[in-house]
Every structure is written in structure tokens, then in C-alpha cells.
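User: I have a structure open and would like to go through a few of its residues and helix packings. Please keep the answers short and show the reasoning.

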Amino acid sequence: MIRPLAIPCGETPLAATLHPGEGPLAALIVSGGVQTRAGPHRLFTALAEMLGAQGMAALRFDRRGVGDSEGEDTGFLGSADDIAAAASALRREGLADIVGIGLCDGAAALALFGSASGIQRLVLLNPWSFDSDVAEMPAAAQRDRTLRRLLNPRNWPRILSGGIDVKGALKTLFSKNTAPQSALSARLVAAINAFPGRILVPLSRGDATAEAFAALLPALGAHVHPVWLENADHTLTRPEARQALFAAITDWLAK
């Protein structure tokens, strides 16, 4: 039976929801931004229900200062204790094999703090890798997206009719500008490469946050498995995008 939990985290309990499973495997789901444990458009509720139907437990929680949890919100970079507390709560429930699943800066938090929390595997959905609050697509990602737009036959009628700025696209494509790696992206690369378990990285095609993280993939180890979700936005609002994510997670866990 699905039940609420109050997870001790220092002097502030975390509001959480536990979806039961049939074995020791469990998902620890970490929201991004100030999203509550339900996730954007109830994405994480749907994910927990999908995992539960397959016999896998799932824990959704609100970090301090977000949703139903009191305290001060220190942002994802201050959420190490929250993630550790949630992971400990799963182990107290007898769920020792933990897969961390996070979106955006929740994914970044798992990459940074998951290993120290005793999490064995990670699913990083459209991880945040910017030092600023605004997602600015790196030059390399811009060039890759521009090339794909120009080579896509679906766009050729718009190119011929002037609906796409070909001159501007070519300028972007042949630009030599490169943006310096952010401090956060450097931390993420180091943390991900040091993570001892397997990592799945689902990325929404065309999402600036996903495209920026994709520029880091060549620097990551062989334990990282990226998968592109076509026709998907940042928070997977389309049903077909959610189904693609659920299928990717299911297939990856089965390996």
C-alpha cells in the first residue's frame, strides 16, 4: 500500500511518499528546481506507479523548503543531506539496492551526491550543467542542432520558402566560438566518472539543457549510457515521450 513517510533530516523531517515493491530494488526519485515530489505534470507519480507495476519500490520526497517539507531551501547544491536521508529511509525499509532517478538539477544533485549516499545506479534525465539560472546552449551543441535541422528533409520546404534563416544557420554552423566549461559541468564530469555503478542518461532531443549536457558525453566513461528521447521536451509532457522514458529505464534495469 502506498503510504506517506516523514524522513528525519537534521531537525527537519522530509515529506515523502513510498510506493511498495516486491524485492530489495527501489528507486529514489529526486525532483528538480522547486518541483514537489509529484514531479512536473505528475511525471514522478506516474514513474513510481509504472515501477510499482513491475514490482519495484519507489520513494518520492520533497527536499527541505520545497513542497510539504519545512525548513530552508538551499537549492540542489545544498541537498546532499536530503538525498542521504532519503536513501537511509529506503534502507530502513529493507530496500538496499537503490537506483537514483532525477530530473534537471535533481539529476545533477544525484550525480554529485549519489555515491556518498550509497546509491548503486543512476538515471539522470536532462541533467542541469549550468552555473547560471538560465540554460544557454553551448556553441558545440548549437552547431550540432543546426546541422541536424539543415539535413532533416522535413525542414527543406521551409528552407526553400525562406522560413528558416539559412544564412544565420550557416554562420552558426561554421562559427569557431567555443564556450568555456562551467564550474558545475566540470564537477559533474568528475563525479560521474568517479561513480562506481552504471548510469543511464535519457536526453530530450532539442531541449537546451539536454543538448548542453550532451556536449559533456565525450568526457564521460563507458559506464554512462546516453539515450535520446525523440519529440520530447524538458519535462516530458507528451505521453509518447513518457512512454519512451519508461521503456528506456525498464530495458536498462533488465541488463
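User: Is Glu-93 buried, partly exposed or exposed?
Analyst: In this predicted model, Glu-93 sits in the loop between α2 and β5. Buried requires under 20% relative accessible area and exposed over 50%. Because the relative accessibility of Glu-93 is 34%, the residue counts as partly exposed.

User: Which residues is Glu-93 in contact with, leaving aside its neighbours within four places in sequence?
Analyst: One partner is far off along the chain, since Glu-93 and Leu-18 are 75 residues apart in sequence. In space their C-alpha atoms are 9.8 Å apart. With neighbours within four places in sequence left aside, the contacts of Glu-93 are Arg-3, Leu-5 and Leu-18.

User: How far apart in space are Ser-88 and Ile-119, C-alpha to C-alpha?
Analyst: Ser-88 belongs to helix α2, which spans residues 80-92. With 27% relative accessibility, Ser-88 counts as partly exposed. Ser-88 and Ile-119 are 31 residues apart in sequence, and their C-alpha to C-alpha distance is 9.9 Å.

User: Is Ser-79 buried or exposed, and which residues does Ser-79 touch beyond four places in sequence?
Analyst: Ser-79 lies in the loop between β4 (57-61) and α2. Its relative accessible area is 4%, so Ser-79 is buried. Not counting residues up to four places away in sequence, Ser-79 touches Arg-63, Ala-109 and Phe-113.

User: How many residues of α3 are buried, and what covers them?
Analyst: Helix α3 is mostly covered, with nine of its nine residues buried. Among these buried residues are Asp-105, Gly-106 and Phe-113. The cover over the buried residues of α3 includes β3 (25-30), α2, β5 (97-103), β6 (121-125) and α7.

User: Which word describes the packing of α3 against α7: parallel, perpendicular or oblique?
Analyst: Two packed helices are described by the angle between their axes and the distance between the axes. For helix α3 (residues 105-113) and helix α7 (residues 183-194), the angle is about 50° and the axes are 8 Å apart. The angle therefore makes α3 oblique to α7.

User: What is the handedness of the crossing of α3 and α7, and how do the contact residues divide by type?
Analyst: α3 passes α7 in a left-handed crossing. On the α3 side the contact has Ala-108, Ala-111, Leu-112 and Phe-113, which meet Leu-184, Arg-187, Leu-188, Ala-191 and Ile-192 in α7. The residues of this contact divide into eight nonpolar, no polar and one charged.

User: How are α1 and α9 oriented to each other, and which residues make the contact?
Analyst: The axes of α1 and α9 cross at roughly 40° and come within 11 Å. The two helices are therefore oblique to each other, and α1 passes α9 in a right-handed crossing. Leu-43, Ala-46, Leu-47 and Met-50 of α1 make the contact with Arg-242, Phe-246, Ile-249 and Thr-250 of α9.

User: How do the residues of the contact of α1 with α9 divide?
Analyst: The residues to sort include Leu-43 and Met-50 of α1, together with Arg-242 and Thr-250 of α9. They divide into six nonpolar, one polar and one charged.

User: Which element gives the largest share of the largest nonpolar core?
Analyst: That core has 76 residues, and those touching the most other members are Ile-7, Leu-28, Leu-47, Leu-59, Ile-83, Leu-124 and Phe-213. The largest share of the core, seven residues, comes from α3.

User: Which residues of α2 and β5 are among the contacts of Leu-28?
Analyst: The count for Leu-28 leaves aside its neighbours within four places in sequence. Helix α2 covers residues 80-92, and β5 covers 97-103. The contacts of Leu-28 in these ranges are Ile-83, Ala-86, Ala-87, Leu-90, Ile-98, Val-99, Gly-100 and Ile-101.

User: Leu-236 and Arg-42 have positive phi values without being glycine; is each buried or exposed?
Analyst: Phi is about 55° for Leu-236 and near 60° for Arg-42. Leu-236 lies in the loop between β8 (224-229) and α9 (239-254), while Arg-42 is found in the loop between β3 and α1 (43-53). At 0% relative accessibility Leu-236 counts as buried, whereas Arg-42, at 53%, counts as exposed.

Terms used:
Residues numbered from 1 in each chain as written. Predicted model: local features only at pLDDT ≥ 70, side-chain atom pairs only at ≥ 80, totals over all residues. Heavy atoms only, no water. Helix = DSSP H or I, 4+ residues; strand = E, 2+ residues; numbered from the N terminus. Buried < 20%, exposed > 50% of the residue type's maximum accessible area, 1.4 Å probe, protein only. Axes fitted to C-alpha atoms, helices over the stretch in contact; angles between N-to-C directions. Parallel < 35°, antiparallel > 145°, perpendicular 65-115°, else oblique. Left-handed = near helix turned anticlockwise from the far one by under 90°. Contact = heavy atoms within 4.5 Å. Nonpolar A, V, L, I, M, F, W, Y, C, P; charged D, E, K, R; others polar. Core = buried A, V, L, I, M, F, W, Y, C linked by side-chain atoms within 4.5 Å.
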